[in-house]
Amino acid sequence: QLRALSCAVVEFILQIFDMIFGNIFLVAHLMLQTRPEIHRVFFAVIGMIYHQAGTRDVRYLGGLMKIIPFLSVGYAVAGLANLGLPGFSGFVAEMTIFVGAFQNADMFHRVCTIIACTSIVVTAVYILRCVGKILYQKVPNPKLEKLHDATWDERIAVAGLIACVAGLGMFPLWAEEIIMDAVGPIFSVIM
């Protein structure tokens, strides 16, 4: 509960700075919202796989797309969302930061932005290789063939988390309007 309170305080402060200084704090707020959502999908799916397989070690996992297709698709979607693929929540925040930083006329900022953009490529290679190994390679352990796909309640949880990540990615201004409607009266008192 203390963590939730501290996140609420940070979000409130970012909203105040957003009103004062402009969109840079809106972008920071979007990053604060999107990363935890993407990680929730990842950890939920990885936890469900770990619960059945008994390991998170990539060397011992493989061919899961044939065995547990729903969880495999959830894992792949979480990986693509983590890359910042368009349509997911990470894209809006990352692209706004990169475009805004590159528009700075200073050469130092442009070089730093280009270096930061290479992190997207490194992340893509890492995640896609991991997805390929875990989901599409030959099953290395016959014990994995006894796994069962997600139950209905696990499917609802994963689908709900993916809907949040995709919804925030497709409709980021909608989230801003909801936040501003909620905190608008507080801003009117403070300002």
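## Leu-135 and its surroundings

Leu-135 is a residue of helix 6. Since this is a predicted model, please read every value here as computed from that prediction. With a relative accessibility of 2%, Leu-135 counts as buried, because buried means under 20%. Its partners, once neighbours within four places in sequence are set aside, are Gly-63, Leu-64, Met-65, Ser-72, Tyr-75 and Ala-76.

Which residue lies 72 positions away from Leu-135 along the chain, with a C-alpha separation of 4.7 Å? That residue is Gly-63, and it makes a good next stop.

## Gly-63 and Met-65

Gly-63 sits in the loop that connects helix 2 (23–53) to helix 3. Is Gly-63 buried or exposed? Its relative accessible area is 4%, so Gly-63 is buried under the 20% limit. Beyond four places in sequence, Gly-63 is in contact with a run of residues: Lys-133, Ile-134, Leu-135, Tyr-136, Gln-137, Lys-138 and Val-139. For Ile-134, the C-alpha atom is 6.2 Å from that of Gly-63, although 71 residues separate the two along the chain.

A little further on comes Met-65, which belongs to helix 3 (residues 64–67). Not counting residues up to four places away in sequence, Met-65 touches Ser-72, Val-73, Leu-135 and Tyr-136. If you would like another distance to check, the C-alpha atoms of Met-65 and Gly-132 are 9.8 Å apart, and these positions lie 67 residues apart in numbering.

## Helix 4 against helix 6

Now for a helix pair. Two packed helices are described by the angle between their axes and by the distance between those axes. Helix 4 (residues 69–83) packs with helix 6 at an angle of about 175 degrees, and the axes are 9 Å apart. The pair is therefore roughly antiparallel, as angles over 145 degrees count that way.

Which residues of helix 4 meet helix 6? They are Ser-72, Tyr-75, Ala-76, Gly-79, Leu-80, Asn-82 and Leu-83. On the helix 6 side, the residues are Ile-120, Thr-123, Ala-124, Ile-127, Leu-128, Cys-130, Val-131, Ile-134 and Leu-135. Leu-135 comes up here again, and its own contacts include Ser-72, Tyr-75 and Ala-76.

## Helix 5 and the start of helix 6

Phe-102 is part of helix 5 (residues 89–102). Its relative accessible area of 37% makes Phe-102 partly exposed, because that value falls between the 20% and 50% limits. Setting aside neighbours within four places in sequence, Phe-102 contacts Arg-110, Thr-113 and Ile-114. Between Phe-102 and Thr-113 the C-alpha distance is 6.1 Å, with the two positions 11 residues apart in numbering.

Helix 6 covers residues 107–136, and Met-107 is one of its residues. Met-107 counts as exposed because its relative accessibility is 57%, above the 50% limit. Together with Val-111 and Ile-115, Met-107 makes a nonpolar surface patch of about 300 Å².

## Salt bridges

How many salt bridges are counted? The count comes to two. In one, the side chains of Arg-59 and Asp-57 meet, with an N to O distance of 2.6 Å. Arg-59 counts as exposed at 58% relative accessibility, while Asp-57 counts as partly exposed at 23%.

The other salt bridge joins Arg-155 to Asp-149, and its closest N and O atoms are 3.4 Å apart. Here Arg-155 is partly exposed at 33% relative accessibility, and Asp-149 is buried, with a relative accessible area of 16%.

## The chain as a whole

Stepping back, the chain has eight helices and zero strands. Read from the N terminus, the order of elements is α-α-α-α-α-α-α-α. Among contacts with a separation of 6 or more, 75% join residues 24 or more positions apart. The pairing of Leu-135 with Gly-63, 72 residues apart along the chain, has that kind of separation.

What share of the 191 residues counts as buried? The figure is 35%. The chain exposes about 11,700 Å², and carbon and sulfur atoms supply 70% of that area.

Conventions. Residues are numbered from 1 along each chain as its sequence is written. This is a predicted model: local features need pLDDT of at least 70, side-chain atom pairs count only at pLDDT 80 or more; totals for chains, interfaces and linings use all residues. Side-chain values use heavy atoms; hydrogens and water are left out. Patches are made of residues with over 30% relative accessible area and no salt bridge: like charges are joined within 9 Å, nonpolar side chains (Val, Leu, Ile, Met, Phe, Trp, Tyr) within 5 Å. Accessible areas come from the Shrake-Rupley method with a 1.4 Å probe; for residues, only the protein chains shown count as cover. A salt bridge is a side-chain nitrogen of Lys or Arg within 4 Å of a carboxyl oxygen of Asp or Glu. Helices (H or I, at least four residues) and strands (E, at least two) are DSSP runs, numbered from the N terminus. Buried means under 20% relative accessible area, exposed over 50%, partly exposed in between (1.4 Å probe, protein chains only). Axes are lines fitted to C-alpha atoms, for helices over the stretch in contact, and angles run from 0 to 180 degrees between N-to-C directions. Angles under 35 degrees count as roughly parallel, over 145 as roughly antiparallel, 65 to 115 as roughly perpendicular and the rest as oblique. Contact means heavy atoms within 4.5 Å.
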